[in-house]
Amino acid sequence: MIFILKNPSLGINIKQLHFGWNSQTPVLNGCDLAVPEGEFWMLLGDNGCGKSTLLRLIGGILSPDQGTIDINNPLGFVFQNPDHQLVMPTVAADIAFGLVEEKLTLPEVKVRVKEALMAVNLLDLERRPIYALSGGQKQRIAIAGAIARHCKVLLLDEPTALLDPDTQIELVALVQKIVKERGITALWVTHRLEELAYADGYFLLDKGKVIKKGKPQDLFPQLLRETNIKDTMEKWR
Ligand SMILES: Nc1ncnc2c1ncn2[C@@H]1O[C@H](COP(=O)(O)OP(=O)(O)OP(=O)(O)O)[C@@H](O)[C@H]1O
Ligand SMILES: [Mg+2]
């Protein structure tokens with residue numbers, strides 16, 4: 001059973017979440033996770049530990065077996081592969097398509113589309129066919145779709161996995177800026193640890209639970225010992 005317990009200072013509040021694709025092997029096993037409103041947090045963990053499953057549960061694409069999910073609405077979701085979510089022939093049409101349920105007038109839709117494209121610095125691509133966009137531009141259009149719907153929570157599942165390093169850092173910096181300017185609460189799944197430099201906090205998922213959370217800076221001494229993150233960060237900051 002799901003109980004909704006509203007906590008106004010949290011954009012995402014997950015309590016004791018249980019989920020399994022079958023009853024023998026739980027993916028989430030009493031998972032707690034809370035993101036303060038207006039903050040940008042990252043979700044880390046090994047392949048197959050359940051990060052995408054957790055994001056889908058938070059996004060309402062899956063239903064939990066037990067536990068509570070309390071999030072601010074509306075919600076935006078950005079997938080690893082933008083070709084799975086951009087469905088219309090052109091940039092403006094795709095963003096407008098996401099607004100169909102809002103029953104806006106045509107001028108209102110046009111304002112929303114322009115506002116969203118300005119937020120992702122792609123106003124000049126309004127009429128561009130989707131097939132003629134780069135991978136990074138497609139991800140920015142997917143984010144623009146969420147902004148046009150005035151989303152309060154943004155879930156991003158490895159949005160930089162298919163991008164080159166330059167475009168990757170541009171995207172994470174852009175999302176950080178958008179989150180701060182608009183007071184959006186964002187949860188970003190990644191394996192790319194250099195992206196942590198842009199986050200307010202991180203969660204580490206393991207065996208169905210968040211086993212560690214904190215400020216990215218707290219992780220850096222350990223990461224400096226174990227990875228080449230120092231070189232990467234010095235290159236980009
Ligand atoms: N549609 C599905 N049906 C059955 N099992 C699934 C399904 N999707 C995922 N799983 C299983 O659930 C577990 C968690 O998968 P999930 O995709 O959430 O992991 P992840 O942490 O996102 O991994 P990655 O880092 O590789 O993206 C895995 O054991 C996976 O095989
Ligand atoms: Mg995944």
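## Exercises on a predicted fold

Buried residues make up 40% of the 237 residues in the protein; buried means 20 or more other C-beta atoms within 10 Å of the residue's own, exposed 12 or fewer, partly exposed in between, with C-beta atoms placed from the backbone. This is a predicted model: local features need pLDDT of at least 70, side-chain atom pairs count only at pLDDT 80 or more, and totals for chains, interfaces and linings use all residues. Residues are numbered from 1 along each chain as its sequence is written, while chains are lettered from A and ligands numbered from 1 in the order in which they are written.

**Exercise 1. Count the helices and strands, then describe the six-strand sheet.**

Step 1. The protein has seven helices and nine strands. These are DSSP runs, numbered from the N terminus: helices are H or I with at least four residues, strands E with at least two.

Step 2. Six strands make an open sheet with mixed pairing, in the order E5-E6-E7-E3-E8-E9. Two strands pair if DSSP finds at least two bridges between them. The edges are E5 (75-78) and E9 (209-214), each pairing on one side only. From one strand to the next, the twist averages 20°. Angles run from 0 to 180 degrees between N-to-C directions, and axes are lines fitted to C-alpha atoms, for helices over the stretch in contact.

Step 3. Take one pair inside the sheet. E3 (residues 40-44) and E8 (residues 201-206) run parallel, joined by four bridges. Trp41 has Gly201 in E8 as its bridge partner.

Step 4. Add the helix. H4 lies across E5 and E6 (153-157), at about 170° to E5.

**Exercise 2. Describe the three-strand sheet and the helix packed on it.**

Step 1. The order is E2-E1-E4, an open sheet with antiparallel pairing. E2 (26-36) and E4 (66-71) are the edge strands. The twist averages 15° from one strand to the next.

Step 2. Eight bridges join E1 (residues 10-20) to E2. Leu17 stands opposite Cys31 in E2.

Step 3. H1 packs on this sheet and touches E1, E2 and E4, its direction making about 120° with that of E1. Contact means C-beta atoms, placed from the backbone, within 7 Å.

**Exercise 3. List the shell of ligand 1 and sort it by residue class.**

Step 1. The shell consists of Trp21, Val27, Gly45, Asn47, Gly48, Cys49, Gly50, Lys51, Ser52 and Thr53. A residue is near the ligand if its C-beta atom, placed from the backbone, lies within 6 Å.

Step 2. The shell holds three nonpolar, six polar and one charged residue. Ala, Val, Leu, Ile, Met, Phe, Trp, Tyr, Cys and Pro count as nonpolar, Asp, Glu, Lys and Arg as charged, and the others, Gly among them, as polar.

Step 3. Helix H1 (residues 51-58) gives the largest share, three residues.

**Exercise 4. Why does Leu117 count as buried, and what does Leu117 touch?**

Step 1. Locate Leu117: helix H3 (residues 106-119).

Step 2. Leu117 counts as buried because 22 C-beta neighbours lie inside 10 Å.

Step 3. Leave out residues up to four places away in sequence. Leu117 then touches Leu122, Leu123, Glu126 and Ala144.

Step 4. Check a distance. Leu117 and Ile147 are 30 residues apart in sequence, and 8.7 Å apart in space, C-alpha to C-alpha.

Key: Contact = placed C-beta atoms within 7 Å.
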